[in-house]
Amino acid sequence: MKNNLRPFPEELQPGYYPFSTAVQLRFGDIDVNSHVNNVSVARLFEEGRLKFALCYRNTEYENMSASDEKLVVASSLINYIGEVFYPESVRIYLGVAEVGASSFTQSCLMLQKGSPVAHSRVSLVRVDGGQSKPLSESLRKSLLSFKVGS
């Protein structure tokens, strides 16, 4: 996938993604304009990424910190497509766009009431002692099974 700031047309289609999850909004997510603020949109994507990680790592949250494969966010881009309103939940669609030697990129789409409201691309890097480290073969295999557009 080419580096692009705007989502590609296929990234705005829920069927492009192999995984989805619902995320409930909180009253504290809204701002003085009565819509969900941009910081909360980032948090909603974060919640979706956590649920996705539990899936592709085939684990429970309690076991995540015990893993020797620590992943950190290296870059995050959010495109705000429409307003998000409380209290309607959102559905986040996620998949792996690219897999490198020590990192991978996720594509994420947020829908509310069936309409795209935000898109995100996030690159995560495996680290150990502050240095990047190659992804394990088992993690690489799992990530590739969640490729977008498959």
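Buried, in this talk, means under 20% relative accessible area, exposed means over 50%, and partly exposed is in between, with a 1.4 Å probe and protein chains only. This is a predicted model, in which local features need pLDDT of at least 70 and side-chain atom pairs count only at pLDDT 80 or more, while totals for chains, interfaces and linings use all residues. Residues are numbered from 1 along each chain as its sequence is written, and side-chain values use heavy atoms, leaving out hydrogens and water.

I start with strand S1, residues 19–23. Strands are DSSP runs of E with at least two residues, helices are runs of H or I with at least four, and both are numbered from the N terminus. The side chains of S1 alternate: Phe19, Thr21 and Val23 are buried on one face, while Ser20 and Ala22 point to the other and are not buried. S1 pairs with strand S3, residues 90–99, in the antiparallel sense over five bridges; pairing requires that DSSP finds at least two bridges. Ala22 stands opposite Arg91 in S3.

Next, helix H1. It covers residues 38–56, 19 in number, and reaches 27 Å from its first C-alpha to its last. That is close to the expected 27 Å, which is 1.5 Å times one less than the number of residues. Buried residues in H1 include Val41, Leu44, Phe45, Gly48 and Phe52. Just after H1, Asn58 has a positive phi of about 50°.

Last, Ser102, in the loop between S3 and strand S4, 103–112. Ser102 is buried, at 18% relative accessible area. Its contacts (heavy atoms within 4.5 Å) include Leu124, Arg126 and Pro134, leaving aside residues up to four places away in sequence.
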